[in-house]
Amino acid sequence: MFQPNNQPYALATQPPPASVQGNPNGMDIVVVKDDGNGSFSHAESIIQYSKKLQDDLHIIGMKIKQHEDSIKFLKSQKSKFDDSILDLQVTLGKYHSSATKIENEDHSHLQNEEEICGQILQHERSAAGILCLLKARHGTQVSNLTMTKDVVGIVATLGKVDDDNLSRLFSEYLGMETMLAIVCKTTEGVKALEVYNNEGCIDKNSGLHGLGASIGRALEGRFVVICLENLRPYAGEFILDDPQRRLDLLKPRLPNGECPPGFLGFAVNMINVDTTNLYYITASGHGLRETLFYSLFSRLQVYKTRVDMLNALPCISDGALSLDGGIIKATGVFSLGNRQDVNVRFPKSSVALSLPDSYLGAERQIKELKWQKEKMAEDIKREQTLLDNSKLKFDRKKQEFLKFLAESSSYASQHQINSTQSRMTPR
């Protein structure tokens, strides 16, 4: 028997007289006359539960319409983003056409980047070497592979510096293992690089291990992977109107309040990041400078000479470097001895970093619009899921309502029969 409000309910064996009246809302309502035996309370429960079901259907129907309207609005906004991105890309295309001659006159930066890739390829059986070889052979198609689509790049290829001496200093400070580290956006990307079997051992036929074996470069030893979404990003401000979005870090001060002589700046701000990686690399909208490079260098200070660096010890909290080779790893930790070059370094900055503000602004807008478009797609997917769930709830509630109508109608009919028989029975 149907149980309204999840409470046990049974029809009376001798129900009171009843009739069915039409409802303007299209629903039959059972009207029952009280015979003094308490049957009226049963009929009233039917009416109340019928109204509750109608209200539930109305509420769910409103939610369905709300989700449908939201999806319609989000799709229209996504379409506008597509149009804006296309317009900006046309603008950039015009700039590239006018700048072709300049690019053809200077290929030094391209040769420098190729040299860095050559340095990485020397580490044949490293994870970075395998990825670099794949990129050299297949270009942008590498980013379409399931295991590498979340990979941003290798640390050594994600930043540039203004001169070779800084490049050597930074690479020595970070060390070979970090320079060859693979950078991923999410933990899912990290998991895709190395797969384990049921015994917890590395599956040599999957991930980078399988990829390396397939090209004759079996991966050896450990390799570092940096997950951007797990890093704690820089939470401060950026230097105003700086196209490179350098961090607005407080300059060190000696006890007398003056900036230490020979202080040149912070290492994190001396790395030049390609415009495509300045914004919206992570889902939370952070770029490489405030995530990757801030994690690697923090507030590492750079000084002109070793003497300047040592004189500034009272205001060095996160290590320091000097252009003549001095290194302080952390407070109280000094790196002494002869310099040791790391053969994988950051490439030199190219002329591309001197592009006009209008060009950089357009690139930044495209990057932001694409990020917003991705977030919009996620919102649409979420709204669609909510819509599907609401429709499913509506169908279930509708079936419950129809079943209730059938049972209450049967109950009303039985009351009419009993009432007729009662009137025909002689007293």
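Lys52 is partly exposed, with a relative accessible area of 34%. In this predicted model, the side chain of Lys52 forms a salt bridge with that of Asp56, at 2.9 Å from N to O. Asp56 is the covered partner: its relative accessibility is 18%, and it therefore counts as buried, the limit being under 20%. Both residues belong to helix H1 (residues 39-98), where they stand four residues apart, about one turn of the helix.

**Salt bridges**

Side chains of opposite charge can pair when their charged atoms come close. The count for this model comes to 12 salt bridges. Three of them are set out here.

| Pair | Closest N to O | Helix and spacing |
|---|---|---|
| Asp56 and Lys52 | 2.9 Å | H1, four residues apart |
| Asp69 and Lys65 | 3.0 Å | H1, four residues apart |
| Glu188 and Lys191 | 3.6 Å | H7, three residues apart |

Asp69 and Lys65 are also in H1, and because they are four residues apart, about one helical turn separates them. Asp69 has 40% relative accessibility and counts as partly exposed. Lys65, at 46%, counts as partly exposed as well. In helix H7, Glu188 and Lys191 are three residues apart, so they too are separated by about one helical turn. Glu188 is exposed, with a relative accessible area of 52%, and Lys191 is exposed at 53%. Salt bridges with shared partners also join Lys52, Asp56, Lys397 and Glu400 into one network.

**The second largest pocket**

Lys191 is also one of the residues that line the second largest pocket. Rolling a probe the size of a water molecule over the atoms shows where empty space is left. The second largest pocket holds about 250 Å³ of space. Which helix gives the most to the lining of this pocket? Helix H7 (residues 187-193) does, with three residues. The lining includes Val190, Lys191 and Leu193, together with Glu194, Tyr196, Ile202, Lys204 and His209. Gly221, Arg222, Phe223 and Val225 are also part of the lining. By type, the lining divides into six nonpolar, two polar and four charged residues.

**Helix H8**

His209, a lining residue of the second largest pocket, is among the buried residues of helix H8. H8 spans residues 207-214 and is mostly covered, with six of its eight residues buried. These are Gly207, Leu208, His209, Gly210, Leu211 and Gly212. Gly216 follows H8 and has a positive phi, near 80°.

**Positive phi outside glycine**

Most residues other than glycine have a negative phi, and most peptide bonds are trans. Arg245 is not a glycine, yet its phi is positive, at about 50°. Arg245 lies in the loop between strand S5 (225-227) and strand S6, and at 17% relative accessibility it counts as buried. Ser298 is another residue other than glycine with a positive phi, near 50°. Ser298 is placed in the loop between helix H10 and strand S7 (301-303). Is Ser298 buried or partly exposed? With 22% relative accessibility, Ser298 counts as partly exposed, because the range for that class begins where buried, under 20%, ends.

**Buried residues and their spacing**

Leu278 sits in the loop between helix H9 (267-270) and helix H10 (289-297). With 2% relative accessibility, Leu278 counts as buried. Leu278 and Gln244 are 34 residues apart in sequence, while their C-alpha atoms are 7.2 Å apart in space. Phe263 is part of strand S6 (residues 263-266) and, at 14% relative accessibility, counts as buried. Between Phe263 and Pro252 there are 8.4 Å in space, C-alpha to C-alpha, and the two are 11 residues apart in sequence.

**A nonpolar surface patch**

Leu310, Leu313, Phe334 and Leu336 make a nonpolar surface patch of about 400 Å². Leu336 is in the loop between strand S10 (333-335) and helix H12 (357-424). At 78% relative accessibility, Leu336 counts as exposed, since the limit for that class is over 50%.

Definitions and conventions:
Residues are numbered from 1 along each chain as its sequence is written. This is a predicted model: local features need pLDDT of at least 70, side-chain atom pairs count only at pLDDT 80 or more; totals for chains, interfaces and linings use all residues. Side-chain values use heavy atoms; hydrogens and water are left out. On a 1 Å grid over the protein atoms alone, a cavity is a set of points where a 1.4 Å probe fits but cannot get out, and a pocket is an open set with protein on both sides within 12 Å along at least five of seven lines; lining residues have an atom within 4 Å of a point. Grid points are joined across faces, edges and corners, and a volume is the space filled by probe spheres set on the points. Helices (H or I, at least four residues) and strands (E, at least two) are DSSP runs, numbered from the N terminus. Ala, Val, Leu, Ile, Met, Phe, Trp, Tyr, Cys and Pro count as nonpolar, Asp, Glu, Lys and Arg as charged, and the others, Gly among them, as polar. Patches are made of residues with over 30% relative accessible area and no salt bridge: like charges are joined within 9 Å, nonpolar side chains (Val, Leu, Ile, Met, Phe, Trp, Tyr) within 5 Å. Accessible areas come from the Shrake-Rupley method with a 1.4 Å probe; for residues, only the protein chains shown count as cover. Buried means under 20% relative accessible area, exposed over 50%, partly exposed in between (1.4 Å probe, protein chains only).
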